[in-house]
Amino acid sequence: MLEIKNLSYKVDDENESDGIKDIIDGLDLTVEDGKFVVITGPNGGGKSSLAKLIMGINPATDGQIILDGEDITKKSITERAKMGVSFAFQAPVHFKGIKVIDLLRIAAGEKISLDLACEYLSRVGLCAKDYVEREVNGSLSGGELKRIEIATVLARGTKLSIFDEPEAGIDLWSFQNLIKVFENMRKTVNGTIIVISHQERILNIADEIVVIENGKVKMQGSREDVLPQLLGTSNASQIACEKLGGDL
Amino acid sequence: MAELDVIQKKILEEVADLHDVPEGAYNIRANGASAARNTTANIDIVSKTDKPGIDIIIKPGTKKESVHIPVVLSESGLKDMVYNDFYIGDDADVIIVAGCGISNCGDQDSQHDGIHTFHVGKNAKVRYVEKHYGEGTGKGARILNPVTEVYQEEGSYVYMEMVQIKGVDSTNRTNIAELADGARLEIHEALLTHGSQEAISDYKVALNGKKSSADVISRSVAKEESVQSFSVSIEGNNECSGHASCDAIIMDQAKVIAIPRLDANNVDAALIHEAAIGKIAGDQLMKLMSLGLTEEEAEEQIVAGFLR
Ligand SMILES: Nc1ncnc2c1ncn2[C@@H]1O[C@H](COP(=O)(O)OP(=O)(O)OP(=O)(O)O)[C@@H](O)[C@H]1O
Ligand SMILES: [Mg+2]
C-alpha cells in the first residue's frame with residue numbers, strides 16, 4: 001500500500017509574492033495494492049511532480065511517503081527502485097551510446113537474453129530485432145522512445161509501476177495494445193499501477209481515478225463515481241478558451 | 001613469440017586484442033627492438049636503415065589482409081622513438097592495427113613516440129585501429145606521443161579509430177591529413193583521462209581535392225584532475241565537405257578545452273564544427289537510478305556507453 005501524507009513540494013520562484021511556489025501542497029493520497037489508478041487533471045496541476053516525489057527524483061519539502069508501512073520519504077532513488085518502485089518518464093531520457101538492449105538489461109537487473117528483451121519490445125508494439133541494437137537517442141522517434149521507456153518498466157516488473165502519460169505520442173493501433181499491456185501487468189505482477197493520463201480510454205479501464213489540481217487531490221474515487229463527473233463538465237474546453245482569451 | 005614475457009603478452013592483448021601471434025603480416029616491437037615479424041606475399045615489412053622503424057609496403061590490389069604493428073614497453077625508463085611508413089597500393093583494402101601499451105613498474109618515465117605516415121594509393125581503403133594502454137605501479141610516468149600523417153590519393157578512403165581508455169599519463173597526439181579528389185577520411189577518437197593525466201589531441205585536415213570529405217569525431221571523458229585539450233582544424237581548399245565534432249563529459253575537477261578552426265578557402269567548401277562539453281546530465285543519472293543502479297553504477301554505464 002502506498003500512503004502519502006500531507007506531502008509538499010516547494011520551489012523558489014521569484015514570480016510568486018512570497019518567492020516560493022507550492023507545486024505539491026499538503027497532498028494526501030492512499031493507493032491500495034493491486035489497484036489500477038489513473039491520475040488526471042489540468043496541465044501544470046502537479047501530476048508529474050507527484051510521480052517524481054514518489055520515485056525520489058523530487059525531494060519532498062514536507063510530509064511523508066509510506067510504502068508498505070515503511071517511510072521512504074528520505075530514501076534515495078536507488079533504494080526506492082530496489083524496494084519495487086518503477087517510473088516511466090513523461091519525457092524519455094536520451095543517452096549517447098547506450099543501446100536499447102543495455103537499458104532493458106539494466107532494468108531487468110540481469111543480463112537477460114535477446115529473446116526476452118525482444119519479448120518486452122514486442123509487447124509495446126516494437127518489431128524487436130530492428131531496435132535492440134539501436135542507441136537510445138534522438139535518432140529514435142518520439143513514439144519509439146516512449147515505448148522503450150514503457151518496456152523498461154515492464155522489464156523491471158515491480159510491485160509499484162508509475163507511467164507518466166504513456167499514451168502520449170503513441171499511434172492508435174498501439175494504443176489498444178498499450179491497454180492490453182497494462183491489463184497484463186496487473187495480472188502477472190499483481191502489482192499496483194499508477195498511470196498519469198488525459199485519455200478517456202485509459203480512464204475507462206481504471207479502478208480508481210484521482211484528479212489533481214493546484215498540487216492537491218481535488219477528487220478521488222471509483223471510476224463509476226468520478227468519470228461521469230469529469231465528463232459531465234465542459235471543464236477542459238472552458239479552460240482552453242479562457243487560456244486563449246476567447247469565449248465559449 | 002619466445003621473446004615476449006607474461007606482462008608483454010598481457011599488454012599485447014589490451015592494445016591489439018591479440019592472444020598470440022596474429023594472422024597475416026605483423027611486426028611486434030618490444031622495448032625498443034623488433035621482437036617478431038611476419039610478411040605475406042602482398043605485404044612486405046622492411047626495417048629502416050637510417051633511423052628506427054619500418055616500411056610497410058602493401059601491393060596494389062591487396063584485399064582483405066591485415067597488418068598488426070603493436071608496440072610493448074615493459075622496461076622502466078625506456079624512451080622509444082619509431083618511424084613507421086605505410087605505402088598502401090592503389091585499390092588495396094586492408095586493416096592496420098597499431099597499438100601501444102606501456103607497463104611501467106619502475107620509477108622512471110617510460111615514453112613511446114611513434115610517427116606513422118600513410119601514403120594511401122588511388123581508391124584504396126584502409127581501416128586503422130590504434131589503442132593505447134598503460135599499467136604499472138611505479139611512480140614513473142607512462143607517456144605516449146603518437147603522430148600520424150595521412151596522404152590520401154584520389155578516391156581513397158581511410159577510417160581511423162583511436163582509443164585511449166586507461167593508464168596513460170601523458171599524450172600529445174598530432175594528426176595531419178591531406179586529401180585529393182574524392183578522398184574521404186573518418187576519424188573516431190575515444191579518450192578517457194583520470195588522476196592527473198594530460199591528453200592533447202591536435203588534428204589538421206586539408207581538403208585539397210574536389211569532392212573530398214572528412215569527419216573528425218571525438219568523444220571523451222575527463223575525470224578527477226585530468227586535463228584534455230582537443231584542437232581540430234579543417235581547411236577547405238576545394239569543393240568539399242568537412243565536419244568536426246568534439247563531445248566531452250567533464251567530471252570532478254577536470255578541465256576540457258576544445259579549439260575548433262575552420263578555414264574555408266573555396267566558395268563550395270561546406271565546413272561544420274560542433275563542440276559540446278558538459279557534465280553527465282542529471283536526468284540520465286536519475287533514469288538509470290530509477291532502474292535500480294546506484295549513482296556510481298549509473299555514471300559507469302553512461303561513460304562506458306559514451307565511449308563505445
Ligand atoms: N523545478 C521546478 N521549478 C519551477 N516550477 C516547476 C518545477 N517543476 C515543476 N514546476 C511547475 O509546477 C507545476 C506542475 O508541474 P507538473 O509537471 O507536475 O504538471 P503536470 O500536472 O504533470 O502537467 P501536464 O499535464 O502538463 O504534464 C507546473 O506549473 C510547472 O511549471
Ligand atoms: Mg506531467
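Contact means heavy atoms within 4.5 Å. The exercises below concern a predicted model, in which local features need pLDDT of at least 70, side-chain atom pairs count only at pLDDT 80 or more, and totals for chains, interfaces and linings use all residues. Residues are numbered from 1 along each chain as its sequence is written, chains are lettered from A and ligands numbered from 1 in the order in which they are written, and side-chain values use heavy atoms, with hydrogens and water left out.

**Exercise 1. Describe the contact between chain B and chain A.**

Step 1. Chain A contributes 23 residues to the contact, and chain B contributes 19 residues.

Step 2. Buried area is the accessible area (1.4 Å probe) that two parts lose on being put together, summed over both. For chain B and chain A this is about 1,800 Å², with 64% of it on carbon and sulfur atoms. Of the area that chain B buries against chain A, 33% comes from Lys287(B), Ser290(B) and Leu291(B), more than from any other three residues.

Step 3. A salt bridge is a side-chain nitrogen of Lys or Arg within 4 Å of a carboxyl oxygen of Asp or Glu. Between chain B and chain A there are 3 salt bridges. Asp102(A) forms a salt bridge with Arg308(B), and their closest N and O atoms are 2.6 Å apart.

**Exercise 2. Describe the surroundings of ligand 1.**

Step 1. A residue is near a molecule if one of its heavy atoms lies within 4 Å of it. There are 14 residues around ligand 1, of which Gly44(A), Gly46(A), Lys47(A), Ser48(A) and Ser49(A) come nearest.

Step 2. Consider the distances from oxygen atoms of the ligand. A backbone N or O atom of Gly44(A) is 2.8 Å from an oxygen atom of ligand 1. For a side-chain N or O atom, the distance to an oxygen atom of ligand 1 is 2.6 Å in Ser49(A) and 3.2 Å in Gln90(A).

Step 3. Ligand 1 taken alone exposes 640 Å² (Shrake-Rupley method, 1.4 Å probe), and the protein buries 64% of that.

Step 4. Helices (H or I, at least four residues) and strands (E, at least two) are DSSP runs, numbered from the N terminus. In chain A, β2 (20-31) and α1 (47-55) each supply at least two residues of the shell around ligand 1. The most come from α1(A), with 3 residues.

**Exercise 3. Explain what the salt bridge between Asp25(A) and Lys216(A) ties together.**

Step 1. Side chains of opposite charge can pair when their charged atoms come close.

Step 2. In the salt bridge of Asp25(A) with Lys216(A), the closest N and O atoms are 3.0 Å apart.

Step 3. Asp25(A) lies in strand β2 of chain A and Lys216(A) in strand β10 (residues 216-222) of chain A, so the pair ties together parts 191 residues apart in sequence.

Note on methods:
A polar contact is a pair of N or O atoms within 3.5 Å; within protein, one must be able to donate a hydrogen and the other to accept it, and residues adjacent in sequence count only if both atoms are side-chain atoms.
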